[in-house]
Amino acid sequence: MTGSVTAKYREMRVNATDLFDLVLLALLLTCAIGIARLKDLAACAILFSAYSFILCLVWAHRGAPDVAMTEAAVGAGITTVLFLVVISRVGRREK
Amino acid sequence: MKIAATALSHVDYLVAVALFLTGAWILLTSGNLVKKVIGLNIMETSVFAFIVTTGMIDGGAPPLVAPGDPGPFASPLPHALVLTGIVVAVSVTSLALVLILRVRAEFGSVELDEIALSLAAGDTAEQSERHGSADD
Amino acid sequence: MNRRRAGRILTAVLIAALAVPLMYGMVQLPAPGHADAPAHTNVSAGYIERGAELGGSENLVTGVLLNFRALDTFGEVLVIFTAWLAVAAVAGTASNAERDPVPPSPVVDYVIRLLGPFIAIFALFVIVNGHVLPGGGFQGGVLLGAMLILLSLVMDAETVARAVSARSWIWLRATGVLVFAMVAVMGLPLAGYLFGLPDEPGLRQVLTVALELGIGIGGGAVLAGLFFAIAGADRS
C-alpha cells in the first residue's frame with residue numbers, strides 16, 4: 001500500500017519559480033510586515049501561524065515534504081499555541 | 001532588464017533576505033518581549049526557507065529514492081538540517097517564553113521601558129533603604 | 001519619545017546596511033534549482049546515488065537523520081530534552097495565574113475529541129513509515145505533541161497531564177534519548193562503531209523503526225511537556 005503512496009509523491013516534481021510561488025512569497029512578506037506593524041499581540045500570533053502555513057506550502061512545493069510536515073505541526077501549531085498561552089497571561093496590547 | 005531577470009530567478013533568496021531583515025527589524029525596534037520572540041522566529045524561519053531553497057533542483061522529486069528512479073532529486077541534506085533546526089527553534093522559543101513569564105512575575109510587565117523604569121525605581125528604593133540603615 | 005524615534009532611525013540605517021551585502025551576495029549565487037548550486041555540487045550526489053542502499057531507507061532524509069548524521073540527531077534529541085528540563089525548572093517558580101475559565105464551544109469540543117484518535121493513528125503511521133514515506137520520528141512526534149496539546153485545550157490541561165503519572169511522563173520524555181543511546185551502543189558489536197546500524201537488512205529495519213518510535217514518542221511527550229509547563233499545568 002505504501003508503494004502507491006510513494007508513487008504519488010514521486011509524481012510531484014518541482015519546477016523553477018512559477019506564479020504560484022510568487023503569490024505565496026508575496027503573502028509571506030505581507031504576513032511578516034503585518035506582524036511588524038500590528039500592535040495587537042494575539043493578532044501577531046495568528047499572523048505568525050498563517051505565515052508558517054504559507055511557508056509550509058512553499059516547502060511542499062519545493063520537494064521537501066518532510067520539512068513541510070514538521071513546519072505545519074510545529075510552526076503553525078505548537079509555537080502559535082505557546083505564544084497564545086503566554087499572551088493570554090501577559091496581555092495582548094503592545095505599547 | 002538583466003537586473004530584473006536576475007531578481008526574478010533569485011526571488012526565493014531575495015524574499016528570504018527580506019524576511020530575515022523584517023524579523024531583525026521586529027526584534028530590534030519592538031519594546032515588547034513577546035513580539036521580540038515572534039521576530040526571532042521569523043528570522044529563524046527565513047534562514048530555513050533559504051536553506052531548503054538551496055536544496056531544490058529543477059524538475060526534481062522529493063528525496064524518496066527507489067531503485068530505477070532516474071531522478072533528479074532534491075538534495076536531502078538541507079532538509080535534514082532544517083528538520084533539526086525547526087525542533088531546536090521550538091525549544092528556544094519555549095525557553096524564551098517561560099523566561100518572559102518569569103520576568104512578568106518579577107516586574108509585572110513585559111515592556112522593556114516599564115521594566116527599565118521599575119528596575120530604576122527598585123535601585124533607588126534599595127539605595128535609600130541602605131542609606132537609611134547606615135544612618136541608624 | 002524622542003529617544004525611541006532616534007533608535008528606530010538608527011535601526012533602519014543598520015538594517016539597510018545589512019540588506020545591501022546580503023542581497024548582493026544572494027544574487028551572486030547560482031539561481032535556485034540550478035544543478036550547479038553549491039548544495040548539489042558536493043556530497044549530495046553521492047547521498048542520492050548510494051544513500052538508499054547504504055542508509056537502509058528510501059526516504060533519504062530519514063537515512064541522513066538516523067544513520068549518516070546520527071550523532072547530530074542524538075544531540076538534537078538531547079537539546080529538546082534539556083529544553084524541557086529548563087522550561088519545567090523555570091515554570092515551577094513562575095506565578096501560577098488562574099487559567100481561562102471560559103469553556104470552548106461544544107462544536108469545537110466535539111470535533112477535537114473526535115479527531116484525537118485519528119491524529120494519533122496518523123502520527124503512528126508517519127513514524128513507522130518514516131523510512132519509505134515522507135515522515136519519521138520528528139514529524140510524527142510533533143504530530144503526537146500537537147494532538148496532546150489540542151486535547152488539553154478542550155479538556156482540562158491538568159486532566160491530560162495527569163493521564164500518565166508524573167514519573168512516567170519523565171520516562172516517556174527521556175525515551176528518545178534512551179533509545180538513541182541504546183542503539184548507538186548496540187552499533188559497537190553489530191556494526192563495529194558507535195551509531196552504526198548493522199548491514200543485515202531485517203535487523204537494520206527493526207532498529208530504524210525502533211529509533212523512529214523512540215524519537216517520536218520522546219519528542220511528542222517533550223513538546224506536550226513544554227506546553228503543560230508553560231500553561232502551568234505540570235505538577236510533576
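Leaving aside its neighbours within four places in sequence, which residues is Asn32(B) in contact with? In this predicted model, the list takes in two chains. From chain A come Leu41(A) and Glu94(A). From chain B come Val110(B) and Glu111(B).

Start with where Asn32(B) sits. It belongs to the loop between helix 2 and helix 3 of chain B. Is Asn32(B) buried or exposed? Asn32(B) has 24 C-beta neighbours inside 10 Å. The cut-off for a buried residue is 20 or more, so Asn32(B) counts as buried. Another residue of chain B to look at here is Leu112(B). Along the chain, 80 residues separate Asn32(B) from Leu112(B). In space, their C-alpha atoms are 6.3 Å apart.

Now step back to chain B as a whole. It has five helices and zero strands. Along the sequence the pattern reads α-α-α-α-α. The chain has 136 residues, and 49% of them count as buried. Next, take the contacts in chain B between residues at least 6 apart in sequence. Of these, 45% join residues at least 24 apart.

Chain B also meets chain C. How many residues does each chain bring to this contact? Chain B brings 44 residues, and chain C brings 48 residues. On the chain B side, four helices give two or more residues each: helix 1 (2–9), helix 2 (11–29), helix 3 (33–55) and helix 4 (76–107). Which of them gives the most? Helix 4 of chain B does, with 18 residues. By residue class, the side of chain B that touches chain C holds 28 nonpolar, 13 polar and three charged residues.

Finally, cross to chain C and pick out Ala210(C). This residue lies in helix 10 of chain C, which covers residues 201–230. Why does Ala210(C) count as partly exposed? The reason is its neighbour count: 15 other C-beta atoms lie within 10 Å of Ala210(C). A residue is buried at 20 or more and exposed at 12 or fewer, so Ala210(C) falls in between.

What does Ala210(C) touch, not counting residues up to four places away in sequence? Its partners are Val179(C) and Val183(C). Gly137(C) gives a further reference point. Ala210(C) and Gly137(C) are 73 residues apart along the chain. Their C-alpha atoms are separated by 9.5 Å.

Methods
Residues numbered from 1 in each chain as written. Chains lettered and ligands numbered in written order. Predicted model: local features only at pLDDT ≥ 70, side-chain atom pairs only at ≥ 80, totals over all residues. Contact = placed C-beta atoms within 7 Å. Nonpolar A, V, L, I, M, F, W, Y, C, P; charged D, E, K, R; others polar.
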